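Hi everyone, thanks for making the time. Let me put the sequence and the structure up on the screen, and then we can walk through them together.

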Amino acid sequence: MSTDIDTRALLLGIARAAIDAAVRGGTPPPVPEAPILADYRGVFVTLRQGGRLRGCIGRIEPDAPLASLLPEIAVLSATDDPRFPPVSEAELAGLEVEVSLLSVPELITGPAQVEVGRHGLIVTARGRRGLLLPQVATECGWNALEFLAQTCLKARLPENAWEHAGTRLQVFETEIISG
C-alpha cells in the first residue's frame, strides 16, 4: 500500500481544505477526480499543534469513497474530537495534518502476530471497540503485550481482555501521509 507523491499531496490538500473551510465557516473547494478517491478505505486524520495531539478521528469500515469520507473525517478531527475544543482560526497556520490510510483489518489470535511499528490494533468485546494506530506503540515504546493492553483500555475494557474468549483481535497496516 503506497501512494505516489502527487496522490499524497492531493490527499493532504483535501484534508487541509476541508478543515480550513469548516473552521472559517466557508465551503471547501470541490474534490478533484483521482482514482484513489473512488476507493472505499478506512481513514484516520490526526492533527497536532506544536507536536502535541490536537485531534484524531477516523473510520475503520468505510461507508463512502475517500472523495467524501476524507473531508468528513478531517472536519470531525478538527471540530468534534471530544478530548479537545474545536480548532480555532488562530490555530490553522500551525496545524500539522496527518492522514492514515488503513488496510483491511485481519483477525489474529494473540501478541505473537503483532508487529509493533507495522500493525495497528483493534480490540472488540462486550459491545466495545478500541483502536490504536501503529505509530502509537512506536511513539510510546510499547511491546506487543503493552500495545494489546493499551488497546483494551482504549475500549474501556480490562487490560487483559484480549485474553478472554469472545474478544476479537485484529491488526491492520497504515500508510501515513503527513505534511
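Which residues are linked in a network of salt bridges here? They are Asp20, Arg24 and Glu89. Before I say more, please keep in mind that this is a predicted model.

Let me stay with that network for a moment. Within it, the side chains of arginine 24 and glutamate 89 meet in a salt bridge, at 2.9 Å from N to O. That pair ties together distant parts of the chain: arginine 24 belongs to helix 1, while glutamate 89 is in the loop between helix 2 (66–79) and strand 3 (95–102), and the two positions lie 65 residues apart. As for the solvent, arginine 24 counts as partly exposed at 45% relative accessibility. Glutamate 89 is partly exposed as well, with a relative accessible area of 46%.

Now let me step back to the overall layout. The protein has four helices and eight strands. If you read along the sequence, the pattern goes α-β-β-α-β-β-β-β-α-α-β-β. The C-alpha trace spans about 50 × 35 × 30 Å along its principal axes. What about the radius of gyration? A compact globule with 179 residues would have a value near 16 Å, and this protein has 17 Å, so the two agree.

A few more global numbers, and then back to the details. Of the 179 residues, 45% count as buried. Among contacts with a separation of 6 or more, 71% come from residues 24 or more positions apart. The protein exposes about 9,100 Å², and carbon and sulfur atoms supply 53% of that area. On the charge side, there are 16 positive and 22 negative charges, and their mean positions are 6 Å apart.

That brings us back to salt bridges. How many does the structure hold? There are 12 salt bridges. I have picked out two further pairs for you.

The first one on my list is arginine 8 with glutamate 175, where the closest N and O atoms are 2.7 Å apart. Here too, distant parts of the chain are linked, with arginine 8 in helix 1 (residues 5–24) and glutamate 175 in strand 8 (residues 174–178), 167 residues apart. Is glutamate 175 buried or exposed? Glutamate 175 counts as buried, because its relative accessibility is 6% and the cut-off for buried is under 20%. Its partner, arginine 8, is partly exposed, with a relative accessible area of 27%.

The other pair is glutamate 61 and arginine 129, whose closest N and O atoms are 3.0 Å apart. Glutamate 61 is in the loop between strand 2 (52–59) and helix 2, whereas arginine 129 is in strand 6, and the two are 68 residues apart. Glutamate 61 counts as partly exposed at 46% relative accessibility, and arginine 129 counts as partly exposed at 42%.

While we are at strand 6, let me point you to leucine 132. The strand covers residues 128–132, and leucine 132 is part of it. Leucine 132 is buried, with a relative accessible area of 10%. What is leucine 132 in contact with, leaving aside its neighbours within four places in sequence? The list is Gly120, Leu121, Trp142, Phe147, Gln150, Thr151, Lys154 and Phe172. For a sense of distance, the C-alpha atoms of leucine 132 and leucine 145 are separated by 13 Å, and these residues are 13 apart along the chain.

Last topic: the backbone. Most residues other than glycine have a negative phi. Against that background, have a look at two arginines. Arginine 126 is not a glycine, yet it has a positive phi of about 50°. You will find arginine 126 in the loop between strand 5 (120–125) and strand 6, and it counts as exposed at 62% relative accessibility. Then there is arginine 156, with a positive phi of about 60° although it is not a glycine either. Arginine 156 lies in the loop between helix 4 (144–154) and strand 7 (168–172). At 62% relative accessibility, arginine 156 counts as exposed.

That is my tour for today. Thanks for listening, and I am happy to go back to any part of it on the screen.

Definitions and conventions. Residues are numbered from 1 along each chain as its sequence is written. This is a predicted model: local features need pLDDT of at least 70, side-chain atom pairs count only at pLDDT 80 or more; totals for chains, interfaces and linings use all residues. Side-chain values use heavy atoms; hydrogens and water are left out. Buried means under 20% relative accessible area, exposed over 50%, partly exposed in between (1.4 Å probe, protein chains only). Contact means heavy atoms within 4.5 Å. The radius of gyration is taken over C-alpha atoms; the globule rule is 2.2 Å times the number of residues to the power 0.38. Accessible areas come from the Shrake-Rupley method with a 1.4 Å probe; for residues, only the protein chains shown count as cover. Lys and Arg count as positive and Asp and Glu as negative; His and the chain ends are not counted. The place of a charge is taken as NZ of Lys, CZ of Arg, CG of Asp or CD of Glu. A salt bridge is a side-chain nitrogen of Lys or Arg within 4 Å of a carboxyl oxygen of Asp or Glu.
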